[in-house]
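Q: Please take a close look at one part of this model and then set it within the whole chain. I would like the terms explained as they come up.

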Amino acid sequence: MSDLGLPPTSPEAAGIRLQFTREALGFAKGVFASSAGIPKNTYSQYESGKRVPRLDFALRLCDRYELTLDWIYRGDPSGLRYNLAEKINVLRLQRNTKSRK
């Protein structure tokens with residue numbers, strides 16, 4: 001599953017997935033990061049696509065929000081909870097519709 005035509009393993013694609021995940025779960029960026037024990041400015045760099053999450057921080061996100069490394073790093077949603085995956089798909093569709101206008 002590609003995010004806006006980006007290679008699935010790119011930092012930008014990982015950032016978009018993290019943003020969709022955070023929004024689907026209903027969290028502000030700072031709360032999402034701090035609840036997983038990640039400094040807010042570090043997490044902001046992940047979401048903006050400037051950096052790929054370090055493994056230890058990615059594992060914290062997985063543990064806190066029931067995500068998978070395959071989702072974070074590769075974009076494979078098969079291990080996500082169904083309702084979370086559905087919310088993310090809705091956000092993707094909305095973003096794709098806006099980007100075509």
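The answer that follows starts from one helix and works outwards. Which residues of helix 3 are buried, and what covers them?

A: This is a predicted model, in which local features need a pLDDT of at least 70 and side-chain atom pairs count only at pLDDT 80 or more, while totals for chains, interfaces and linings use all residues. Residues are numbered from 1 along each chain as its sequence is written, and side-chain values use heavy atoms, with hydrogens and water left out.

Helix 3 spans residues 40-47, and its buried residues are T42, Y43, Y46 and E47. Buried here means under 20% relative accessible area, exposed means over 50%, and partly exposed lies in between, with a 1.4 Å probe and protein chains only; helices are DSSP runs of H or I with at least four residues, strands are runs of E with at least two, and both are numbered from the N terminus. The four buried residues lie on the same side of helix 3 because they cover an arc of only 140 degrees around the axis, the arc being that of the directions from the helix axis to the C-beta atoms. Their cover includes helix 1 (11-25), helix 2 (29-35) and helix 4 (55-65), where contact means heavy atoms within 4.5 Å. After helix 3 comes G49, with a positive phi near 80 degrees.

Y43 also belongs to the largest nonpolar core, which has 23 residues; along with I38, L61, L67, I72, L80 and I88, Y43 touches the most other members. Such a core is a set of buried Ala, Val, Leu, Ile, Met, Phe, Trp, Tyr and Cys residues joined through side-chain atoms within 4.5 Å. Two or more residues of this core come from each of helix 1, helix 2, helix 3, helix 4, helix 5 (69-74) and helix 6 (82-100), and the largest share, five residues, is given by helix 4. L67 touches T21, L61, C62, I72, L80 and L84, leaving aside residues up to four places away in sequence.

Helix 1, part of the cover over helix 3, is itself mostly covered, with 11 of its 15 residues buried; among them are I16, L18, F20 and T21. The end C-alpha atoms of helix 1 are 21 Å apart, in agreement with the 21 Å expected for its 15 residues at 1.5 Å a residue, a span that is reckoned as 1.5 Å times one less than the number of residues. Like helix 3, which is followed by G49, helix 1 is followed by a glycine with positive phi, G26, near 80 degrees.

In the loop between helix 4 and helix 5 lies E66, whose phi is positive, near 60 degrees, although E66 is not a glycine. Most residues other than glycine have a negative phi. E66 counts as partly exposed, at 48% relative accessibility.

Taken as a whole, the chain has six helices and zero strands. Its radius of gyration is 12 Å, close to the 13 Å of the globule rule for 101 residues, so the chain is as compact as a globular protein of that length; the radius is taken over C-alpha atoms, and the rule is 2.2 Å times the number of residues to the power 0.38. Along its principal axes the C-alpha trace spans about 35 × 30 × 25 Å, and buried residues make up 38% of the chain's 101 residues.
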